[in-house]
Amino acid sequence: MADKIESIAILGGTGDLGGGLARQWSRAGFKILIGSRTLEKGQAAAAALLAEFPDLNVTGHENLDAATQADLVVLTVPFAHQLSTLETVKQGLSGKILIDVTVPLVPPKVGTVQLPEKGSAAVMAQELLGADVQVVSAFQNVGAVHLQEDHKIECDVLVTGNKRAAREIVIELVEAVGLRGWHAGPLANAAAAEAMTSVLISINRHHGIDGAGIVISGEAKG
Ligand SMILES: NC(=O)c1ccc[n+]([C@@H]2O[C@H](COP(=O)([O-])OP(=O)(O)OC[C@H]3O[C@@H](n4cnc5c(N)ncnc54)[C@H](OP(=O)(O)O)[C@@H]3O)[C@@H](O)[C@H]2O)c1
């Protein structure tokens with residue numbers, strides 16, 4: 001595991017959530033490698049960000065190349081393609097943290113919780129990748145719309161993972177984009193964050209909210 005995270009690969013960073021994270025982390029000073037199934041699409045996404053902010057350190061790549069070059073990797077593709085994408089980049093993940101943002105939505109009933117048999121998408125990712133990769137689950141409850149804009153985001157992030165040190169690193173990255181991150185326990189608890197997304201989608205629809213999120217209440221003692 002890298003001592004200090006300086007570069008972040010975002011696989012599927014051409015999409016809504018990954019694009020929002022690329023925007024926020026690159027503006028916070030990280031080197032961002034936008035991964036895609038095609039080099040051209042990754043480069044086009046990087047060029048679009050650079051057109052807006054020319055001084056950023058952002059480049060476009062194929063997913064495996066991005067994963068191999070970066071200190072830490074983030075997976076931001078739809079659930080249906082989560083495991084197949086991880087298979088294609090597995091060799092580039094050895095010894096690294098993988099942040100998995102996947103929500104196991106099963107269209108068309110995306111407002112209904114439908115967790116996979118193994119409990120959660122994050123647990124499936126860890127099982128596929130093995131102990132050599134530390135999977136940390138985060139960002140399931142942040143609407144991409146908030147990350148694509150530059151206003152303050154009133155939304156907390158549940159961070160789950162089996163190693164405290166890895167969660168700590170991810171919480172620092174959560175804070176770097178202006179959000180509050182919480183140690184939310186082992187990776188098995190990712191099921192709660194993944195399920196919460198369908199609850200939030202139902203709230204969005206019923207109350208006409210664009211990107212409802214969660215905020216943890218309470219104050220630390222002493
Ligand atoms: N959108 C949100 O507000 C939000 C919030 C929280 C969590 N999430 C989770 O974040 C993940 C990404 O969501 P999103 O809304 O950003 O998705 P998206 O925009 O629909 O797709 C993201 C990227 O996935 C890649 N992709 C599409 N089809 C693929 C395939 N067949 N195989 C491999 N890669 C494929 C594409 O990249 P290339 O074509 O460049 O390869 C695409 O740009 C999902 O798991 C979602 O549940 C989303």
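These are my notebook entries on the pockets, a cavity, an aromatic pair and one buried glutamine in this structure.

**Entry 1: the model.** Before looking anything up, I noted that this is a predicted model.

**Entry 2: the largest pocket.** I began with the largest pocket and found a volume of about 1,200 Å³ for it. I then asked which elements give two or more residues to its lining, and I wrote down α1 (16-27), α3 (63-69), α4 (82-89), α6 (144-147) and α8 (190-207). Of these, α8 gives the most, with 4 residues. The lining as a whole is made of 43 residues, and I marked D16, L17, T76, V77 and P78 as the ones that lie nearest the centre of the pocket. When I sorted the lining by class, I had 18 nonpolar, 20 polar and 5 charged residues.

**Entry 3: the aromatic pair.** Next I looked for paired aromatic rings, and the structure holds 1 such pair. The partners are W25 and F139, whose ring centres lie 5.8 Å apart with 80° between the planes, and the pair is therefore edge-to-face, as an angle over 60 degrees counts as such. I also looked up where the two residues sit in the chain: W25 belongs to helix α1, while F139 is in the loop between β6 and α6, and the pair links distant parts of the chain, 114 residues apart. Are these two residues buried or exposed? I found that both W25 and F139 are buried.

**Entry 4: Q140.** I stayed with the loop between β6 (134-137) and α6, where Q140 also lies. I recorded a relative accessibility of 6% for Q140, which counts as buried because the cut-off for that word is under 20%. Which residues does Q140 touch, if I leave out those up to four places away in sequence? My list for Q140 has D100, V101, T102 and V103, together with A193, E194 and T197.

**Entry 5: the cavity.** Finally I turned to enclosed space, and a search of the whole structure gave 1 cavity of 30 Å³ or more. The volume of the largest cavity is about 30 Å³. Its lining consists of V103, P104, L105, T112, V113, Q114, L115, E194, A195 and S198. By class, I counted 6 nonpolar, 3 polar and 1 charged residue in that lining. Looking back at the previous entry, I noticed two names again: V103 and E194 line the largest cavity, and V103 and E194 are also among the residues that Q140 touches.

Terms used. Residues numbered from 1 in each chain as written. Predicted model: local features only at pLDDT ≥ 70, side-chain atom pairs only at ≥ 80, totals over all residues. Heavy atoms only, no water. 1 Å grid on protein atoms, 1.4 Å probe; cavity = no way out; pocket = protein on both sides within 12 Å on 5 of 7 lines; lining within 4 Å. Points joined across faces, edges and corners; volume = space filled by probe spheres on them. Nonpolar A, V, L, I, M, F, W, Y, C, P; charged D, E, K, R; others polar. Buried < 20%, exposed > 50% of the residue type's maximum accessible area, 1.4 Å probe, protein only. Contact = heavy atoms within 4.5 Å. Phe/Tyr/Trp six-rings, centres within 6.5 Å; stacked < 30°, edge-to-face > 60°.
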